[in-house]
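Thank you for making the time today. I would like to walk you through one structure, going slowly from one contact to the next, and I will point to each part as I come to it.

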Amino acid sequence: MTSALQIAMAVRRGTTTAVAETEDALARIAALNPALNAFTAVAAERALRQAAAVDARADKGPLAGVPFAVKNLFDVAGLPTRAGSKINRDLPPATRDATLITRLEAAGAVLVGTLNMGEYAYDFTGENAHDGPSRNPHDPGRMTGGSSGGCGAATVGMVPLSLGSDTNGSIRVPASLCGLFGLKPTYGRLTRAGTFPFVASLDHLGPFARHAGDLALAYDAMTGPDAGDAALADRPAPPVLPDLARGIAGLRVARAGGYFAAMQSLEATAALDLVAGALGAASVVIDGVTEARAAAYLITMAEGAALHLDRLRHRGADFDPEVRDRLIAGAMIPGAWVARAQACRRVFRDRMLAAFADCDVIVAPATPCTAPLLGQKVLDLDGQSLPLRPNLGLFTQPISFVGLPVVAVPVWLPGAALPIGVQVIAAPWREDLAMRVAHHLETTGLCEARPA
Amino acid sequence: MTQPEAETLIDAMAVFLALPLAADWRPGVVVHLMAAQRIAGPLLALDLGDHAQPAPVYTP
């Protein structure tokens, strides 16, 4: 399957059409989705209509004819925004698309459907009690990771581009377990208008793709002001694509040590060794990561519980039990802990900014392990048996806590049957640096998204 | 906090929150509440001083 950049270029040159590319994507979905359970709705009629409209346009746009899909917490006109839940299926259908869908389609892309996800995004596994699990294309008996699990399952071989959300790692975890490039931009960079929330303090949206260039292409089409998201930053977002191939000359790269050097499998360490070695990274230890992760954990519990309290009261039996019990516990933690967690956020932000005085990019593991088996409940790390569900996000959670931009890049160790990701982290608003490093790692052959 | 203490807390909080709690939900809630307390430990021990401002800023 070709890249989004190649598809768009071919559609603009007239060597293919948006309709032909859309029909190809719909055929791949029909062939692969029954085994992978990535899609919860396929919008074939709408997609073909949009594709025909793109073909009829004089200015076809930077994403001309690129098929894409979205996690089912994005509003899509005519569908209830289920956010992985049973309860939300009773909502009236959305009357309009989420802003990011509108922006991608204005740039010529074609929405082909909505994707499976962990219920209400409170998940790192990609399992879903109502829709069944999304399955890892590299081994359908294994997890995709979550909560944007359908994005992971779909982007390997069905669509070249998808959009997910990331509160504590929900883009970076499935990108790691499915071997994809995933971008979690700076908090406040991309509008969340028209998506179902989880934790307003921590929610981000971003793209998955098989190439760093495709992430840049999509990102550039999605930035811009929007009154519909109160957290959206009022600052310019320079395009990333024009400078993507500038390479890494002059960039100072550090490897996260301390917290990020423990609690991981041999594969996670080896992948980081490979990336850090190629980038000439010196080790940097950041203090306070355990506390930062704790703070993100508690804010998530409390804000998630606040969002769902009425549904817990009246529809408790209709929740996925794994999600419900955690949300109920979240309603019971002291307010003083949450206020303290928010104060810790500012303190940890200052620490990370201080670390970026001496480097431009930090690399860290994305997940502690490769894709676990579906149904697995326990993660064995460093001689400890930990509950798997919260701990797949051990390394992503402290980074999104302070809103730093991250590209998850896919590594295949020699002879490995499964991929594993590495986080390429930059200072706030420097998506361009993380993307340049990701592109360099791809063009030098160290990172790649392989077909299943 | 012991498991019986967590169960007592959960039952009282369920009343306080007017949150009906089925018997088979309680074990899961106990696990998550005790995990939260364990994870909160280092954060609660951190010396933040009196002037660390919470992160969310309301912009009128």
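Let us begin with two helices of chain A, where A:Ala212, A:Gly213, A:Leu215, A:Ala216 and A:Tyr219 in α7(A) meet A:Glu431, A:Met435, A:Ala438, A:His439 and A:Glu442 in α14(A). If you sort the residues of this contact by class, you find six nonpolar, two polar and two charged. I should say at once that this is a predicted model, and that everything I describe is to be read in that light.

How do these two helices, α7(A) and α14(A), lie relative to each other? Helix α7 covers residues 212-222 and helix α14 covers residues 431-443, both in chain A, and their axes come within 8 Å and cross at roughly 150°. Angles over 145 degrees count as roughly antiparallel, and therefore that is the description that applies to α7(A) and α14(A).

Now please turn to the sheet in chain A, which is open, has 11 strands and shows mixed pairing, in the order β1-β3-β2-β6-β8-β7-β14-β15-β11-β9-β10. At its edges are β1, residues 39-42, and β10, residues 282-284, each of which pairs on one side only. From one strand to the next, the twist averages 30°.

I would like to stay for a moment with β8(A), and ask whether the residues of this strand are buried or exposed. Strand β8 of chain A runs over residues 204-209, and six of its six residues are buried, so the strand is largely enclosed by the rest of the structure. On one hand, β8(A) is joined by six bridges to β6 of chain A, residues 161-166, and the two run antiparallel. Within that pairing, A:Leu163 has A:Pro207 as its bridge partner, while A:Ser165 is partnered by A:Leu205. On the other hand, β8(A) also pairs in the antiparallel sense with β7 of chain A, residues 181-184, over two bridges, and here A:Phe208 in β8(A) stands opposite A:Gly182.

Helices pack on this sheet as well. Helix α8 of chain A, residues 266-278, lies across β9, β11, β14 and β15 of chain A, and it runs at about 50° to β15(A).

Let me move on to chain B, which averages a pLDDT of 92, with 92% of the residues scoring at least 70. In this chain, the axes of α1(B) and α2(B) come within 10 Å and cross at roughly 110°, which makes α1(B) roughly perpendicular to α2(B). The contact between them is made by B:Gln3, B:Ala6, B:Glu7 and B:Ile10 of α1(B), together with B:Arg26, B:Val29, B:Val30, B:Leu33 and B:Met34 of α2(B). By class, these residues divide into six nonpolar, one polar and two charged.

Finally, how many residues does each chain bring to the contact between chain A and chain B? Chain A gives 30 residues and chain B gives 24 residues. On the side of chain B that touches chain A, α1 (3-16) and α2 (26-45) each supply at least two residues, and the largest share, 10 residues, comes from α2(B). That side of chain B has 21 nonpolar, three polar and no charged residues. For the complex, the predictor gives an ipTM of 0.95 and a pTM of 0.98.

Technical notes. Residues are numbered from 1 along each chain as its sequence is written. Chains are lettered from A and ligands numbered from 1 in the order in which they are written. This is a predicted model: local features need pLDDT of at least 70, side-chain atom pairs count only at pLDDT 80 or more; totals for chains, interfaces and linings use all residues. Two residues are in contact if their C-beta atoms, placed from the backbone, lie within 7 Å. Helices (H or I, at least four residues) and strands (E, at least two) are DSSP runs, numbered from the N terminus. Ala, Val, Leu, Ile, Met, Phe, Trp, Tyr, Cys and Pro count as nonpolar, Asp, Glu, Lys and Arg as charged, and the others, Gly among them, as polar. Axes are lines fitted to C-alpha atoms, for helices over the stretch in contact, and angles run from 0 to 180 degrees between N-to-C directions. Angles under 35 degrees count as roughly parallel, over 145 as roughly antiparallel, 65 to 115 as roughly perpendicular and the rest as oblique. A residue is buried if 20 or more other C-beta atoms lie within 10 Å of its own, exposed if 12 or fewer, and partly exposed in between; C-beta atoms are placed from the backbone. Two strands pair if DSSP finds at least two bridges between them. pLDDT is the predictor's confidence in each residue, from 0 to 100.
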